[in-house]
Structure formats: C-alpha cells, structure tokens
Amino acid sequence: MQMKQHDVVVLGGGPAGSTVATLMASAGHDVVVIEKEHFPRFHIGESLLPATVNIFERLGVHEPIRDAFILKPGGKWLYGSKEVPGEFSNYDSKATFKQNPYSYLVERSTFDKILIDRSIEVGADVRFGTEVTELISDNGRVTGVRCVSDQGAEYDLHARLVVDASGLRSVIPSKLRIRILTEPHRMGIYAQYAAKPTRDDMKAGWFIGQMFYDGWTWLLLLPGDRFSVGTVMTVDRFKKSGLSPTAMLERLVKENPLLNEGMTADRERISEVMVTGNMGNSSERLFGDGWVAVGDAAYFIDPCYSSGVHLAMKSAEMVADQVMAQPKDSMIEASLFTQYEKDMRHHEKTVHNMVDAFYIASRNTSVQKMVTSCQGGYFSRKFVTFVGGDFQKNSSYVSRIRIYSKITARLFGNDPTRAAENHPKYLHQQTEPSHEPAELHTANETEHAGASANLVSESCEKR
Ligand SMILES: Cc1cc2nc3c(=O)[nH]c(=O)nc-3n(C[C@H](O)[C@H](O)[C@H](O)COP(=O)(O)OP(=O)(O)OC[C@H]3O[C@@H](n4cnc5c(N)ncnc54)[C@H](O)[C@@H]3O)c2cc1C
C-alpha cells in the first residue's frame with residue numbers, strides 16, 4: 001500500500017504553527033498540525049505589537065481578537081521614578097503599522113484558540129492531545145514524524161515538509177543537537193493576580209515595565225480585573241537571593257514600586273508561580289533537508305520588547321509564502337529557505353542589539369539620563385517604529401543606540417551605587433530566612449513551567 005504524503009506537517013499549534021497552517025490550508029495545501037495540549041491552555045506572552053495586526057488581518061482573525069481583548073496603545077518603561085513612554089501612534093514614516101497604530105493585551109489561552117480555530121475553519125487537520133516523539137528520516141532528509149496520542153495510539157505521518165513550531169521545546173534542532181544556549185542566563189518568574197489597576201495608563205491598556213539592575217518587572221491588565229505579573233532576572237541573581245521562585249515573586253509584589261503600587265492592596269495570587277529558565281537560546285541552523293523551524297523553535301530572545309509572538313507569526317508567514325510560491329506537489333529543496341534564514345538572522349541580531357542596550361541602561365544611570373532626555377522627536381519615532389515590530393527596517397539606528405549606550409556606560413562608569421534606586425536590597429540580599437530552597441523548580445510550580453525550564457537547559461549546548 002502506498003503511504004499518504006501530506007504537503008506539510010506542522011509540529012505545534014501555537015501562534016507560529018497556526019499561522020503556517022491557516023495560510024497554507026487557505027491556499028489549498030494539505031496541512032496536518034500536531035499539538036500535544038488540548039486548547040485552551042495557558043501560555044505566557046500577552047503583550048503584542050502593532051506590526052502583528054497586519055498578520056491578523058491577513059489570517060482573518062482581527063475581528064475576534066478585537067472583540068475579545070484590551071486595546072494596547074503602547075508600552076511604558078519606568079526607569080526609577082522616570083517614565084519612558086512609547087506610544088505606537090508616534091511612528092516614523094517607514095512604519096508598516098500606520099493604518100493600525102495599536103495592538104492588544106491578550107489572554108494567550110483564548111488568543112491561541114482563536115488562531116487555531118481559524119486554521120481548522122480553513123481546512124487544516126489539527127490533532128490536539130498528540131505529541132511528536134520521533135523524526136522519520138530517509139538518507140538524511142526528514143520525511144515525517146512519529147506521533148503518540150494521549151489515548152496511546154502511535155502512528156507515523158509523512159510530508160513534503162515538516163515545520164517545527166514547537167516553541168521552546170524546539171523539537172527538531174534539539175534532536176539534531178544544534179540548539180544553543182546563549183549568555184547570560186536569564187529566567188522569567190510569573191503568575192496571575194486578581195486586583196484592580198490603580199494607574200490610569202494601565203486602565204487604558206498600556207503595557208508597563210520597570211527596570212532594575214540587570215532585570216525588570218511587568219504588570220499587565222487582563223480581562224476581568226486580573227493581572228499578569230512577572231519578572232526577568234539573571235539565574236545567577238536568583239540563586240544568590242536564596243529565595244524560591246514563589247518567595248521572590250511575592251517579595252517583588254510587596255517591594256517593587258510598579259508591582260506594589262500598580263495593583264490595589266486587596267490583590268490575591270490566583271495561579272501557581274511559574275518559571276521559564278535559561279531564556280536565551282538559538283539554533284545553529286533554521287532549516288535542513290525536509291524541515292524548517294519557525295517561532296521560538298528557531299530562537300528565543302529576552303521578551304523585554306514583547307517581540308516573541310510577532311517573530312513567531314512573522315517567521316511562519318515568511319515560510320508559508322516561500323512554500324506557496326513553489327509549484328504544488330514539487331519537491332521542497334532546503335535551499336528554498338536560505339533567504340528566510342538570512343532575514344531571520346538579521347531580525348535576531350537587531351533585536352539582540354536592542355535588548356543589550358536595554359540591559360546596559362538598566363545598569364547605568366547615565367545611559368538612563370541619555371534615554372530620558374531623547375524623548376520626543378526623531379529618536380522617539382525611530383524607537384517606536386522598531387518596538388512596534390518593524391525589526392527589519394531600523395538596524396543601523398539600533399546599532400547606533402547600542403554603541404552610544406556602551407560609550408556612555410564606559411565614560412561614566414557602571415557602578416551599581418550610581419543606580420541605587422534600580423538596585424534595591426531585596427533583589428540581591430536575603431533579608432529574612434527562607435524555608436524554601438533556592439531551586440528553579442519547587443513543588444508549587446506548574447508542570448508547564450518546570451518542563452520548559454528543564455528542557456531548555458537539557459537540550460541546549462552552551463555557547
Ligand atoms: C517570561 C516570558 C514573557 C514573555 N512575554 C511576551 C510578551 O509579552 N509578548 C510576546 O510577544 N512574547 C512574549 N514571550 C514570548 C512568547 O511566549 C513566545 O515567543 C511565543 O509564544 C512563541 O510562539 P510559538 O508558536 O513559537 O511557540 P508556543 O506558543 O510555545 O507554541 C508551541 C506549541 O507547540 C506544542 N508542542 C511542543 N512540543 C510538542 C511536541 N513534541 N508535539 C506536539 N506539540 C508540541 C506546545 O504545546 C505549544 O502549544 C514571553 C516569554 C516568556 C518566557
């Protein structure tokens with residue numbers, strides 16, 4: 001019996017996987033999506049960018065997203081007591097989001113379900129509760145995957161192309177041992193709280209973040225008087241604190257000005273505390289014979305600019321467009337993705353440069369002064385266009401920002417005492433005994449968090 005060959009098997013049904021599936025199934029391709037969870041399911045990553053709204057329009061999902069979520073006019077950073085706002089309507093003439101200078105704060109469980117429901121609607125075969133466990137190869141070419149459903153059924157699927165959209169699990173690069181951990185090692189600790197917002201900008205849908213020395217916190221309003229609350233810091237700082245993730249987050253909620261003052265005092269934690277460890281990672285290659293990686297499965301960059309969902313959907317769109325430009329039923333050569341990899345590396349480098357500048361500023365009050373004094377005018381518009389998701393357009397501007405930051409930091413020193421208000425005691429010094437161990441994973445973290453943190457550190461080589 002001749003085995004069936006699908007056009008595409010997509011590994012993972014998050015924003016990257018559903019984008020590939022919707023675009024290709026709409027164009028008449030035979031697409032199967034294998035997703036190990038049942039939707040809706042929790043996922044972190046709720047603050048979106050305006051450049052992604054163009055992709056929502058193309059997928060036909062803008063209307064349900066607009067109906068379900070809070071409009072986000074921009075993002076605001078607190079540098080100590082100073083505010084640095086980036087309002088999306090303050091774009092420059094090159095911005096791709098002039099028609100829609102706003103985005104959304106989303107609950108990912110609902111958002112991801114809207115996206116995958118659209119894939120099903122246009123004809124993709126989506127199999128939830130099914131995990132890809134093995135790759136099938138023939139002469140070095142990936143020709144399919146082995147799947148196991150949560151009912152225990154095991155079967156193989158074959159395809160002209162396997163798209164890895166498995167997020168931080170990065171199934172194919174991990175199996176090929178080409179996943180790399182990038183320095184420095186940072187981690188995210190987060191949970192949901194029930195409370196009311198105290199700030200008007202928060203009520204109006206702004207993303208608010210606060211820098212501290214080499215890290216940051218976020219506070220973001222979700223529907224129904226709930227907040228997504230979290231922090232990103234170096235693994236080293238976390239370990240030195242001697243606190244558990246839960247104790248660290250609760251201490252921040254008590255003592256960090258944004259988290260403490262942004263929510264009403266009757267706040268209550270309504271989820272477990274979750275952790276994503278070792279957040280910077282990449283893959284040596286983004287494609288090979290018979291496969292290509294999109295979204296977090298390709299690489300993951302520190303989320304301080306909320307770039308993850310946009311990069312996931314943009315990379316998926318780029319891959320789908322490349323494949324759809326080929327004659328149907330033709331062999332998909334690996335060389336088709338050479339330009340894709342080039343473009344993705346450009347995005348990766350540019351966003352990394354901006355993230356570097358962000359952390360230089362977090363450590364140095366002189367750089368912070370430089371940034372706060374450049375508010376308004378040309379620099380702000382360039383910055384907003386970049387953080388709105390147009391990563392391809394402003395790389396020379398971003399390089400300059402990074403160089404200015406480095407020079408300023410070198411000229412005026414990088415002494416933490418100069419940035420005392422960003423370097424509060426509670427972050428680097430234990431002030432009361434903790435009865436929980438300073439480990440990344442404790443009993444009250446979810447499987448989800450433990451699994452992703454473990455997996456990333458296990459499957460990556462160190463760079
Ligand atoms: C602390 C933190 C904060 C963040 N904040 C933001 C933010 O504010 N804004 C933003 O844009 N991004 C943010 N991100 C990043 C964002 O979460 C990701 O970039 C985004 O979810 C990537 O989408 P994806 O489709 O590539 O992967 P995912 O959304 O992770 O989807 C991958 C899917 O693959 C499935 N899967 C995995 N392995 C298998 C397997 N073997 N078989 C079958 N299915 C499998 C998973 O169940 C999952 O549903 C944040 C990340 C972290 C860690």
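Me: Before we start, what counts as buried here?
Reply: A residue is buried if 20 or more other C-beta atoms lie within 10 Å of its own, and please keep in mind that this is a predicted model.

Me: OK, with that in hand, how is strand E1 placed, enclosed or open?
Reply: Strand E1, residues 5–11, is largely enclosed by the rest of the structure, because five of its seven residues are buried.

Me: Which strands does E1 pair with, first of all E10?
Reply: Six bridges join E1 to strand E10, residues 154–164, and the two run parallel, with Val8 standing opposite Leu161 in E10. E1 is also joined by four bridges to strand E2, residues 31–34, again in a parallel arrangement, and there Val10 stands opposite Val33.

Me: What do E1, H1 and E2 make together?
Reply: E1, H1 and E2 form a β-α-β unit, and that unit is right-handed.

Me: Switching to the ligand, how many residues surround it, and which are closest?
Reply: The ligand is surrounded by 38 residues, of which the closest are Gly12, Gly14, Gly167, Gly295 and Gly308. By class, the shell is made up of 15 nonpolar, 16 polar and seven charged residues.

Me: Which helices and strands supply at least two of the shell residues?
Reply: Helix H1 (15–26), strand E8 (130–138), strand E12 (186–194) and helix H10 (308–324) each do so, and H10 gives the largest share, with four residues.

Me: And where does the ligand shell lie relative to domain 1 and domain 2?
Reply: It lies between them, because residues of the shell come both from domain 1 (5–73 + 94–181 + 281–349) and from domain 2 (186–278 + 425–462).

Me: H10 came up there; what about H2, which of its residues are buried?
Reply: In helix H2, residues 51–59, the buried ones are Ala51, Thr52, Val53, Ile55, Phe56 and Leu59. The elements covering these buried residues include H1, helix H3 (62–68), strand E6 (103–105), helix H4 (108–121) and H10. Just after H2 comes Gly60, which takes a positive phi of about 80°.

Me: Which peptide bonds are cis, starting with the one to Pro40?
Reply: The bond from Phe39 to Pro40 is cis, with omega near 0°, and Pro40 lies in the loop between E2 and H2. The bond from Glu183 to Pro184 is cis too, with omega near -10°, and Pro184 sits in the loop between strand E11 (179–181) and E12.

Me: What about positive phi in a residue other than glycine, say Arg177?
Reply: Arg177 has phi near 55° and is found in the loop between helix H5 (171–175) and E11. Arg177 counts as exposed, because it has 11 C-beta neighbours inside 10 Å.

Me: And Ser306, buried or exposed?
Reply: Ser306 has 23 C-beta neighbours inside 10 Å, so it counts as buried. Its phi is near 50°, which is also a positive value in a residue other than glycine, and Ser306 is placed in the loop between strand E20 (291–293) and H10.

Me: One more residue: where is Arg237?
Reply: Arg237 is in helix H7, residues 235–241, and it counts as partly exposed because it has 18 C-beta neighbours inside 10 Å. Its C-alpha atom is separated by 10.0 Å from that of Met187, which is 50 residues apart from Arg237 along the chain.

Me: Last, how many helices and strands are there in the protein?
Reply: The protein has 15 helices and 21 strands, and of its 463 residues 50% count as buried.

Terms used: Residues are numbered from 1 along each chain as its sequence is written. This is a predicted model: local features need pLDDT of at least 70, side-chain atom pairs count only at pLDDT 80 or more; totals for chains, interfaces and linings use all residues. A residue is near a molecule or strand if its C-beta atom, placed from the backbone, lies within 6 Å of it. Ala, Val, Leu, Ile, Met, Phe, Trp, Tyr, Cys and Pro count as nonpolar, Asp, Glu, Lys and Arg as charged, and the others, Gly among them, as polar. Domain bounds come from an automatic or database domain assignment. A residue is buried if 20 or more other C-beta atoms lie within 10 Å of its own, exposed if 12 or fewer, and partly exposed in between; C-beta atoms are placed from the backbone. Two strands pair if DSSP finds at least two bridges between them. A crossover is right-handed if, with the strands pointing away from the viewer, the path from the first strand over the helix to the second runs clockwise. Two residues are in contact if their C-beta atoms, placed from the backbone, lie within 7 Å.
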